[in-house]
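Here are my notes for your first read of this model. Keep the structure open beside you and take the points in order.

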Amino acid sequence: MIDGNEVIPSHHVLLITFDSLRYDVARAVLHGGGSPNLERVLPDGLWEERRTQGSFTLPAHVSFFSGFLPVPSGPARPGRLFACHSMRGTTIRKRTYVFDAPDIVTGLSGLGYRTVCIGGVGFFSGQTKLGRVLPGLFQESHWSPETGTDDPESTRHQVDIALEVLEKQPADKRLFLFLNVSATHTPTHVYLPGEEEDSWESQCAALSYADRHLGRLFQALPDHGPWLGLFCADHGEAFGEDGYTGHGIAHPSVWTVPYAETTIAAREAGA
């Protein structure tokens, strides 16, 4: 497992959350060859099955930004990668980087990181007071209807912004880049021509679409490395299992999410 103290503050940090993405969808798409770009950056080319801290976007991301990333699905609780200093932290271990800050975004900023949010779903839109809470943690935030859930080309637009962020990144400054992928959130039926309802299959298609554009970002990262890469879903989505549909509910299809942590080396000169 990665030691947080060995990558902070030496590495850039990339956190990508795939909104509403089920673990079984992520695993099936990976093994079916539908997410080759993710396969290249995931450790051993595999997703880890974990449990999220929240059943919908807001509580899940509040937890993530507080250092409570998705936990292993088994009973073991290894030390967290990040934590914020508290009176009692039972999952703080030697590998845990502890911030003396209310959240890891503020903590990274205090270490000199440039913090950038590229929003997807409405909780990152900045269009309402509630929609300004999460992006308000960052020094810079980007959102438009083109990066939101209703644009079928949302990931393309998000990656375009991310590449612009990298181009403007000072060489002597570290970056915390956060990306909330909205394509995997409903509506996903648009990724299966002729379909009118969202389904397990349409979310698979949405992830494959997102992967195609994320490949452009992954290709650019080594030129600005090294990186700590964190990839996960904030929660899953029920598609009729046991009569449940959607998220914000206590069901295994919602609580079970894909997770991965890895490092991406800087590209050697001339490579």
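1. Start with one contact. The side chains of His-235 and Asp-19 are joined by a polar contact of 3.5 Å. Keep in mind that this is a predicted model.

2. Where does His-235 lie? Find the loop between E9 and strand E10 (238–239). His-235 is buried, because its relative accessible area is 0% and buried means under 20%.

3. Now look at what surrounds this histidine. Leaving out residues up to four places away in sequence, His-235 touches Asp-19, Ser-20 and Leu-21. The list also includes Thr-52, Gly-54, Ser-55, Phe-56 and Thr-57. His-247, Val-254 and Val-257 are on it too.

4. Compare another histidine. His-224 sits in the loop between H7 and E9. Its relative accessible area is 26%, so His-224 is partly exposed. Setting aside neighbours within four places in sequence, His-224 is in contact with His-12 and Leu-166. Gly-110 is 114 residues from His-224 in sequence, and their C-alpha atoms are 21 Å apart.

5. Leu-166 leads to the next element. Leu-166 is one of the buried residues of H6. The others are Ser-154, Thr-155, His-157, Gln-158, Val-159, Ile-161, Ala-162 and Val-165. An α-helix has 3.6 residues a turn, so residues three or four places apart point the same way. Check the buried positions with that in mind.

6. What covers the buried residues of H6? The cover includes strands E6 (114–118), E7 (140–142), E8 (175–181) and E9 (227–233). Helix H7 (200–220) is part of the cover as well.

7. Test the length of H6. This helix has 14 residues, 154–167. At 1.5 Å a residue, H6 should span 20 Å. The end C-alpha atoms are 20 Å apart, so the two values agree.

8. Turn to the nonpolar cores. The largest has 43 residues. Ile-16, Phe-18, Trp-47, Phe-218 and Phe-231 have the most contacts inside this core. H7 gives the most to the core, with ten residues. Another core, of 30 residues, lies apart from it; Ile-2, Ala-101, Leu-134 and Leu-230 are among its members.

9. Follow Ile-16 outward. Not counting residues up to four places away in sequence, Ile-16 touches Leu-179, Val-181, Leu-214 and Leu-217. Phe-218, Leu-230, Phe-231 and Cys-232 are also touched by Ile-16.

10. Last, the record. An unreviewed UniProt entry lists residues 12–252 as "domain: Sulfatase N-terminal". In the model, this span is 28% helix and 19% strand. The end C-alpha atoms of the span lie 33 Å apart.

Methods
Residues numbered from 1 in each chain as written. Predicted model: local features only at pLDDT ≥ 70, side-chain atom pairs only at ≥ 80, totals over all residues. Heavy atoms only, no water. Helix = DSSP H or I, 4+ residues; strand = E, 2+ residues; numbered from the N terminus. Expected span 1.5 Å × (residues − 1). Buried < 20%, exposed > 50% of the residue type's maximum accessible area, 1.4 Å probe, protein only. Contact = heavy atoms within 4.5 Å. Polar contact = N/O pair within 3.5 Å; in protein donor to acceptor, adjacent residues only side chain to side chain. UniProt positions renumbered as here; feature names shortened; annotations may be inferred. Core = buried A, V, L, I, M, F, W, Y, C linked by side-chain atoms within 4.5 Å.
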